[in-house]
Amino acid sequence: MTIDNTVQQFDVSVVGGGMVGAAIALALSQAGLRVALVEQQAPAEFNAASAPELRVSSINLASEAWLRHLGAWQALEQMRLCPYQRLQAFEQPHSIVTFAAKDIKRSHLGHIVENNLLKLALWQQFAANVTQFCPALVTKLQQTASEAIITLNNGEVLSSSLVIAADGGNSQLRQLAGIGTNGWQYQQSCLVALVNTAYQQQDVTWQQFTSTGPKAFLPLPGKQASIVWYDAAPRIKQLAALNRSQLTQELLKAFPEQLGQVEVVASSWFPLARMDANQYYAGRVVLAGDAAHTINPLAGQGVNLGFADAKQLTALIVSAWQNKTDIGAAKLLLTYQRKRKPANLLMMTAMDGFYQAFGNTLAPIRKLRQLALSVVSRNRLLKTLVARYAVGSD
Ligand SMILES: Cc1cc2nc3c(=O)[nH]c(=O)nc-3n(C[C@H](O)[C@H](O)[C@H](O)COP(=O)(O)OP(=O)(O)OC[C@H]3O[C@@H](n4cnc5c(N)ncnc54)[C@H](O)[C@@H]3O)c2cc1C
């Protein structure tokens, strides 16, 4: 293949500058690599007066520690985020299992952050060795023995030793690289609502499990919160068609009393899918984050798994680069796949177990899960183990 001299050379090209792709680009650039970042949409600027955005994520302590190491967490703290000290799970509002930060000697269990602000905080840290191509899309991928070459929709051509696909669950790069997937669409969808609350800022996130799907509360700064309502897809579509005051009434009827008085400010709905890429790399293209796996958001693990991918992958690349070996070598990418794929699959399967067990109305299963919740609630060691797992500790 002949490459003309308008081709721009980089060490790594990252396609998708969302939370995971931006973290990868930042980590690699901080180690000194020349990085190209291709993204279709730059993060919106922060406006303290604007309402929080609808897409929020629960970020665990392991992800927070890495983002702090990258310098992005400090920038996020200057904008907007909400820590929580307690995590509660229950079926009946009178029998609640509480996991508390103090039980594992931590100041908090995690934070609820706005996806766009975390993306912005990462982008704000980019130095001159991150070249941004935005807004841009990839139209073509070519691979040689030593390079991966991508062509953008504006005609620019980028060549690098490795292309990292972090362009989300519908990854176009994954398709261009010919990597297949398996998975399915769940029968449930979820409705996400931003609400004004009667209570002051809360330090607890809770989830009530019901036979039609979980109902979750995620605190936001001030007197606001994010509500996630999982239910059968037709029911969610029906709820999504309501106006704000009708939806408020439905929420107040369906959610437990812990919610208190709320008023819906904005809402949207999402289909739920599970997807696992058949392999995490093909030639010199490697997948990370939702491009490699999408998971039921029920336990708020998706982007935390993505950050774990990002940390592992960037550590391997930086080590190879410092040792002056090929950063796109199959051996390196296989090591990454061996480290991350089983861990991601384990979490997906655990979430499916939850989904099945808590969505089941059969009396013996109901009794069993009530028993499980009550055993966990009374056993200190079990509670500590669950809390440590939730914060992302090994
Ligand atoms: C309702 C809901 C609630 C969730 N709650 C949580 C939670 O509490 N905690 C948690 O850990 N996870 C949660 N998740 C999952 C989490 O949102 C995802 O795991 C996370 O967004 C994945 O990040 P990513 O950077 O891999 O992909 P994305 O966030 O999808 O980012 C992909 C980026 O690539 C860009 N892009 C896409 N296509 C192209 C292209 N062709 N060319 C260039 N750029 C492109 C996009 O603009 C975007 O910036 C939730 C998901 C849902 C649906």
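This note goes through a predicted model in numbered points, from the chain as a whole to two helix pairs, one arginine and the cysteines.

1. The overall picture comes first. The secondary structure of this chain comes to 11 helices and 21 strands, and of its 394 residues 52% are buried. When contacts between residues at least 6 apart in sequence are considered, 72% of them join residues at least 24 apart.

2. The pairing of helix H1 with helix H4 is one to look at in the structure above. H1 covers residues 19-30 and H4 covers residues 115-123, and the two pack with their axes 9 Å apart at an angle of about 15°. Because angles under 35 degrees count as roughly parallel, H1 and H4 are described as roughly parallel to each other, and H1 passes H4 in a left-handed crossing. On the H1 side the contact is made by Met19, Ala22, Ala23 and Leu26, which meet Asn115, Leu118, Lys119, Leu122 and Trp123 of H4. Sorted by class, the residues of this contact are seven nonpolar, one polar and one charged.

3. A second pair is formed by helix H2, residues 61-70, and helix H8, residues 302-322, whose axes lie 9 Å apart and make an angle of about 45°. An angle of that value falls in none of the parallel, antiparallel or perpendicular ranges, and H2 and H8 are therefore oblique to each other. The crossing in which H2 passes H8 is left-handed. From H2, the residues Ser63, Trp66 and Leu67 meet Asn304, Phe307, Ala310, Lys311 and Thr314 in H8. The residues of this contact divide into four nonpolar, three polar and one charged.

4. Arg284 deserves a separate comment. Arg284 is found in the loop between strand S19 (281-282) and strand S20 (285-287), and with a relative accessibility of 8% it counts as buried, because the cut-off for buried is under 20%. Leaving aside neighbours within four places in sequence, Arg284 is in contact with residues that include Gln143, Thr144, Ala145, Ser146, Glu147 and Ala148, and also Ser161, Leu162 and Val163. Asp326, Gly328 and Ala329 are likewise among the contacts of Arg284.

5. How many disulfides does the model have? The count comes to zero, where the rule asks for a pair of cysteine sulfur atoms within 2.5 Å. Two cysteines can be placed by their accessibility: Cys82, at 0% relative accessibility, counts as buried, whereas Cys134, at 29%, counts as partly exposed.

Terms used
Residues are numbered from 1 along each chain as its sequence is written. This is a predicted model: local features need pLDDT of at least 70, side-chain atom pairs count only at pLDDT 80 or more; totals for chains, interfaces and linings use all residues. Side-chain values use heavy atoms; hydrogens and water are left out. Buried means under 20% relative accessible area, exposed over 50%, partly exposed in between (1.4 Å probe, protein chains only). Axes are lines fitted to C-alpha atoms, for helices over the stretch in contact, and angles run from 0 to 180 degrees between N-to-C directions. Helices (H or I, at least four residues) and strands (E, at least two) are DSSP runs, numbered from the N terminus. Angles under 35 degrees count as roughly parallel, over 145 as roughly antiparallel, 65 to 115 as roughly perpendicular and the rest as oblique. A crossing is left-handed if the near helix is turned anticlockwise from the far one by less than a right angle, and right-handed if clockwise. Contact means heavy atoms within 4.5 Å. Ala, Val, Leu, Ile, Met, Phe, Trp, Tyr, Cys and Pro count as nonpolar, Asp, Glu, Lys and Arg as charged, and the others, Gly among them, as polar.
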